[in-house]
Every structure is written in C-alpha cells, then in structure tokens.
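Subject: Structure handover and notes

Dear colleague,

I am passing on the structure we spoke about, with notes on what was found in it. Please open it alongside this message and read the two together.

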Amino acid sequence: MQSVSDIWSMILTRLRDDLSETTIKTWFDDTAVVALEGNTLVLHCPNTFKRTNIQDRFLPNIEASLKDIFSTDMTVKLLDDAGLAHYQDQEEQKPLSMMESGEFTFDTFVIGPSNRLACSAARAVADAPGQHYNPLFIYGDSGLGKTHLLYAIAHVIQEKSPAARIVYIKGDEFINDFIESVRSGKAGDFRTKYREADLMLVDDIQFVAGKVETQNEFFHTFNTLYESKRQLVLTSDRPPHEMAQLDDRLRTRFEWGLMADVQPPTLETRIAILKNKAAQLGFIIPDDIAHYIATKITANVRQLEGTVKKIKAFRDLDGIISKETVDRAIQDMSKSNEFIITPDSIIREICRYFRIEEDQIKGQSRSRDCLNARQIAMYLIRRMTSLSLDETGQAFGGRDHSTVLNSINKVEKKMKSDANYAETVKAIITNINSTK
C-alpha cells in the first residue's frame with residue numbers, strides 16, 4: 001500500500017514532465033501532503049504567496065497527476081496554517097464520529113472462522129473493559145477488520161458510559177505526537193492525554209518497534225493504564241514475537257492478555273460480507289454475482305466492501321448489475337492502492353526476492369534456497385489467500401496437503417526462533433502488499 005508521502009513523491013515526479021526543477025523547488029518546497037481522503041488529496045502550505053500561486057497556477061497539474069496515478073478524477077484541498085489546525089482538530093474527533101455513525105459496530109461485523117476468536121474477545125472487552133483480556137492484542141494483515149473491531153469496542157463503551165475517555169491513535173501518530181511533545185516542551189500534556197484514558201486503542205502498534213524513546217514512553221503509559229485496570233486494545237500486522245526490534249519489556253506486556261489473529265475470510269464469509277455491505281447500502285446483490293466476486297477477491301475485506309460500493313454506483317447509473325459491471329468494479333479495485341493478492345503474485349514476489357525461477361519453485365528442486373523459498377511461498381499463500389492446503393499444493397506441481405502443512409509448520413517454527421528469518425518473511429509480505 002502506498003503511503004501519502006509516496007503518493008506526493010509520485011506527483012512531483014509527474015510534475016517534472018511539465019515543470020522545470022527550478023519551478024518545482026520554488027513553489028513546492030514549503031508544501032507538504034497531509035492526507036489522502038477518498039478522492040481528495042489534502043496539502044498544507046504555510047507560505048501565503050506560494051499557496052495562492054499553487055492554487056491559481058498549478059492545481060490542474062496536480063489533479064492531472066492524481067488522475068494519472070489513480071485512473072479517476074481527484075480533487076485537491078490546499079490548507080493554510082489555520083486550515084491545518086482546524087483539519088487536525090476534526091481528525092482527532094473522526095474516530096468518535098465513525099463510532100457514532102453505526103458503520104463500524106459488532107452488528108455490521110461479519111463473523112467467520114477466520115475472525116471468530118478476535119470478535120468474541122473484542123465483545124468481552126467491550127462488555128467489561130479492564131476485566132477480560134487486558135491487553136487485547138489483535139493481529140493480521142491489512143484490510144481484514146482489525147480497525148472495525150477497535151471502533152466496535154469503542155462504540156459499545158461510549159454508549160454505556162458517555163463520559164468515558166476514549167483515545168484512539170495509530171502507532172505512527174503516537175510517535176509523531178510524542179516527538180512533538182518533546183519539541184514543544186509539552187510532555188506533561190502528552191502524558192495526561194494518554195495516561196488518563198479509560199480506553200486506549202492503538203492501531204498498528206508495530207510502528208513503535210525500534211523507536212527507543214517512544215517505546216520507553218509507551219512502556220510507562222501501558223503500565224499506568226494496566227495497573228489502574230483500564231483497558232488497552234492493540235492491533236498489529238504481526239504477533240509480538242515477530243517484531244525483532246520490539247523492546248522485550250513491551251513484548252512481554254503485549255502477551256499478558258490475549259492475542260487473537262484475523263486471517264483472510266473463507267469463501268462463505270466473503271459472500272456474507274458482500275451481501276451484508278450491499279444491504280447496508282440499500283440494495284440486494286444476486287447470489288451468483290456475490291459468489292463470482294468472492295472467488296476473485298480473496299484476501300481483503302476492504303476490497304470486497306469497496307467493490308460493492310463501485311457496483312452500487314454503476315447500478316445507479318446503468319440501472320442493472322451485470323457481469324461486465326462487476327468485472328469493471330473489480331478492475332477498478334485492482335488499479336487502486338490495494339491490489340488483489342493471488343497465489344501467482346505471491347510466487348512471483350518470492351522468486352524475485354530469492355532470485356530463482358518459477359519453474360524451480362514449482363518443480364522438484366531440493367536446493368537449500370529453493371526449498372526455503374517454496375516453504376515460505378506455501379506459508380504465505382495459505383495465510384494471504386483463501387486456498388485450502390490441497391489447492392495450495394496444486395500450485396506447486398500437485399504436492400499433497402501434508403507436504404504443504406509440513407512446510408507451513410516449519411516456517412512458523414523458524415519465525416518464532418529466528419528473528420532475522422521472521423523479518424525476512426515480513427519484508428516479503430510488505431513487498432507483496434506494496435506491489436502494483
């Protein structure tokens with residue numbers, strides 16, 4: 001997945017096709033990207049003269065670059081300092097407004113074998129915060145519903161206790177907030193904000209790993225909340241033992257409560273998600289269409305929901321839902337920054353990473369490098385797609401399910417004992433998720 005800074009770099013690269021390097025440096029050196037919200041890119045420029053010129057002269061160039069990148073019309077919002085402050089104030093309230101909207105609740109969360117434990121634990125935490133599973137640590141790949149569960153917990157607690165102090169923050173935002181508090185001499189305000197929370201929800205906690213001072217600050221925040229029996233819920237893209245740079249003190253504490261993973265949904269669960277989302281949007285998706293989409297999009301709940309939204313938009317325009325409409329919606333999703341992960345895309349990335357040929361990894365080679373790559377590929381296909389053990393084996397020259405299971409077990413065991421190996425697997429996952 002591209003970050004907003006990556007997107008801004010891509011825009012500047014495209015602007016260089018039409019503008020000189022001097023022009024780029026003159027007018028955009030004070031400009032920074034704030035966020036990408038749907039079809040709107042939010043920028044900040046503190047210099048009034050430059051901001052006015054960008055607004056009057058270069059906005060069409062930026063929007064054209066965005067259309068080139070995303071294959072759809074995009075708009076740009078350019079903020080001054082006051083506008084940025086107002087925007088950030090609104091952002092701090094956004095999680096609460098999302099909770100209040102009713103979109104991210106337990107009622108709208110589709111439960112299946114891949115997420116049942118995580119959902120049950122989240123419900124228990126919401127019903128009795130600080131008494132069960134503290135902390136609750138939910139891990140799994142992007143787009144599988146971890147953030148949905150955070151909002152669902154907060155939604156229940158806020159309804160039961162409107163005065164409850166709920167803090168939701170992403171791991172990288174916690175880092176930035178801490179750095180800013182040190183820079184501005186407001187460490188006291190920072191600690192008050194987090195250590196007096198009744199419920200602390202941290203999304204993507206893995207970002208604090210390797211940040212020595214931030215980890216130390218989070219360690220003390222964690223202790224303060226835990227010792228006063230206030231609830232912490234953390235999400236991550238991996239379990240604590242796979243975070244090689246995570247402080248041992250934090251790793252131990254993250255494992256104190258309950259760790260629950262979320263995996264890619266099964267075919268039946270994907271169909272249920274599609275039908276549920278369509279119902280929320282006020283229309284019915286035919287069974288055959290839902291089944292067709294579910295066989296095409298296998299690894300990401302967000303993609304499923306995004307595809308339903310696209311289909312509704314096409315239906316409102318054309319009056320029908322056809323296979324052509326569905327294919328177009330799926331194609332649009334594959335062009336976005338969240339692409340469809342397939343066994344072939346995983347194998348391609350594995351081969352690129354280890355510099356081996358596809359016929360080697362699918363064939364009978366028993367060389368050390370090839371065997372290692374094949375085992376990791378089997379592990380990732382099982383983890384990142386909905387293929388069964390037998391189906392995974394078919395992707396490797398018809399190997400049986402026991403061979404696949406043995407490979408998966410070996411990878412999982414080695415990841416627990418070898419931090420560098422675990423980091424290699426994680427790097428490959430990151431590359432797969434970032435591939436266009």
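Helices and strands are named here by their DSSP runs, a helix having at least four residues and a strand at least two, and they are numbered from the N terminus. Please keep in mind throughout that this is a predicted model.

Backbone

With those names in place, Asp-204 can be located in the loop between E6 and helix H9 (212–227), and its phi is near 60°, a positive value in a residue other than glycine. Lys-229 likewise has a positive phi near 60° without being a glycine, and this residue sits in the loop between H9 and E7. A cis peptide bond, with omega about 0°, joins Asn-134 and Pro-135, and Pro-135 belongs to the loop that runs between helix H5 (116–127) and E4. For context, most residues other than glycine have a negative phi, and most peptide bonds are trans.

The sheet

The loops just described lead to strands of an open sheet, whose five strands are arranged in the order E5-E6-E7-E4-E8 with parallel pairing. Strand E5 (166–170) and strand E8 (258–261) each have a single partner strand and stand at the edges, so one side of each is left without a neighbour in the sheet. On average, and with direction ignored, neighbouring strands of this sheet are turned by 15° against each other. Within the sheet, strand E4 (residues 136–139) and strand E7 (residues 231–236) run parallel and are joined by four bridges, and Tyr-139 has Ser-236 as its bridge partner in E7. Helix H6 (residues 146–160) packs on the sheet, where it touches E4, E5, strand E6 (199–203) and E7, and the direction of H6 makes about 165° with that of E6.

A helix pair

Helix H7 (residues 171–184) and helix H8 (residues 187–195) have axes that come within 8 Å and cross at roughly 145°, and the crossing of H7 and H8 is right-handed. On the H7 side the contact is made by Phe-174, Asp-177, Phe-178 and Ser-181, while H8 contributes Ala-187, Phe-190, Lys-193 and Tyr-194. Sorted by class, this contact of H7 with H8 has five nonpolar, one polar and two charged residues.

Pocket and cavities

Which residues lie nearest the centre of the second largest pocket? They are Asp-261, Gln-263, Tyr-379, Arg-383 and Glu-412, out of a lining of 24 residues, and about 570 Å³ of space lies in this pocket. Helix H17 (368–384) and helix H19 (401–417) each supply at least two residues of that lining, with the largest share, four residues, coming from H19. The lining of the second largest pocket has ten nonpolar, seven polar and seven charged residues.

As for enclosed space, the count comes to two cavities of 30 Å³ or more, and the largest cavity has a volume of about 40 Å³. The largest cavity is lined by Glu-103, Phe-104, Thr-108, His-148, Lys-277, Gln-280 and Glu-305, and by class its lining divides into one nonpolar, three polar and three charged residues.

With best regards

Notes. Residues are numbered from 1 along each chain as its sequence is written. This is a predicted model: local features need pLDDT of at least 70, side-chain atom pairs count only at pLDDT 80 or more; totals for chains, interfaces and linings use all residues. Side-chain values use heavy atoms; hydrogens and water are left out. On a 1 Å grid over the protein atoms alone, a cavity is a set of points where a 1.4 Å probe fits but cannot get out, and a pocket is an open set with protein on both sides within 12 Å along at least five of seven lines; lining residues have an atom within 4 Å of a point. Grid points are joined across faces, edges and corners, and a volume is the space filled by probe spheres set on the points. Ala, Val, Leu, Ile, Met, Phe, Trp, Tyr, Cys and Pro count as nonpolar, Asp, Glu, Lys and Arg as charged, and the others, Gly among them, as polar. Axes are lines fitted to C-alpha atoms, for helices over the stretch in contact, and angles run from 0 to 180 degrees between N-to-C directions. A crossing is left-handed if the near helix is turned anticlockwise from the far one by less than a right angle, and right-handed if clockwise. Contact means heavy atoms within 4.5 Å. Two strands pair if DSSP finds at least two bridges between them.
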